[in-house]
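Reader: I'd like to go through the salt bridges in this protein with you. Can we start with how far to trust the model?

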Amino acid sequence: MRKFASVGKLAIVGLLVLCSPACTEHKRLASETVIMRQKIDEEEQKFKDLNDEYRILADNLNALKADPSLKHSGKTTPEDRAKKLQIEIDSLTSQKADAEKALAVLKEDFETYKKAN
């Protein structure tokens, strides 16, 4: 009977330890730690995403700074550059018109081919 009494005492002591406020506080702190770790992971991911976006924007900025067409040349005035750009725009517009005409001819030829076959 004494064996059972000591086992009972150990079980009661174990239950008291499990139900003690310190254990409850430990469980609460452990759950808060898990929640805070998740928040930290989310913030680290946001930081990584923003850092990647920053690198992309910095690379784009550096590419723009290195673009020779955007650099100011001391010999040309803004009006001269504007005239050159307008000439280039006119040239590209005429190339586009020529390409559209060629495309129309090709489409017509293709339709004729489809009807023939």
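Reader: Which helix has the highest mean pLDDT, and which the lowest?
Author: This is a predicted model, where local features need pLDDT of at least 70, side-chain atom pairs count only at pLDDT 80 or more, and totals for chains, interfaces and linings use all residues. Residues are numbered from 1 along each chain as its sequence is written, and side-chain values use heavy atoms, leaving out hydrogens and water. Helices here are DSSP runs of H or I, at least four residues, numbered from the N terminus, and pLDDT is the predictor's confidence in each residue, from 0 to 100. Among the elements, the highest mean, 91, belongs to helix α3 (residues 78-116), and the lowest, 63, to helix α1 (residues 2-18).

Reader: How many salt bridges does the structure hold?
Author: To count, a side-chain nitrogen of Lys or Arg has to sit within 4 Å of a carboxyl oxygen of Asp or Glu. By that rule, the total is nine.

Reader: What is the closest N and O distance between Arg28 and Glu25?
Author: Both residues lie in helix α2 (residues 21-66), three residues apart, about one turn of the helix. They also belong to a salt-bridge network with Glu32. Their closest N and O atoms are apart by 2.4 Å.

Reader: Is Asp52, the partner of Lys48, buried, partly exposed or exposed?
Author: Buried means under 20% relative accessible area, exposed over 50%, and partly exposed in between (1.4 Å probe, protein chains only). Asp52 comes in at 29%, so the label is partly exposed.

Notes: Helices (H or I, at least four residues) and strands (E, at least two) are DSSP runs, numbered from the N terminus.
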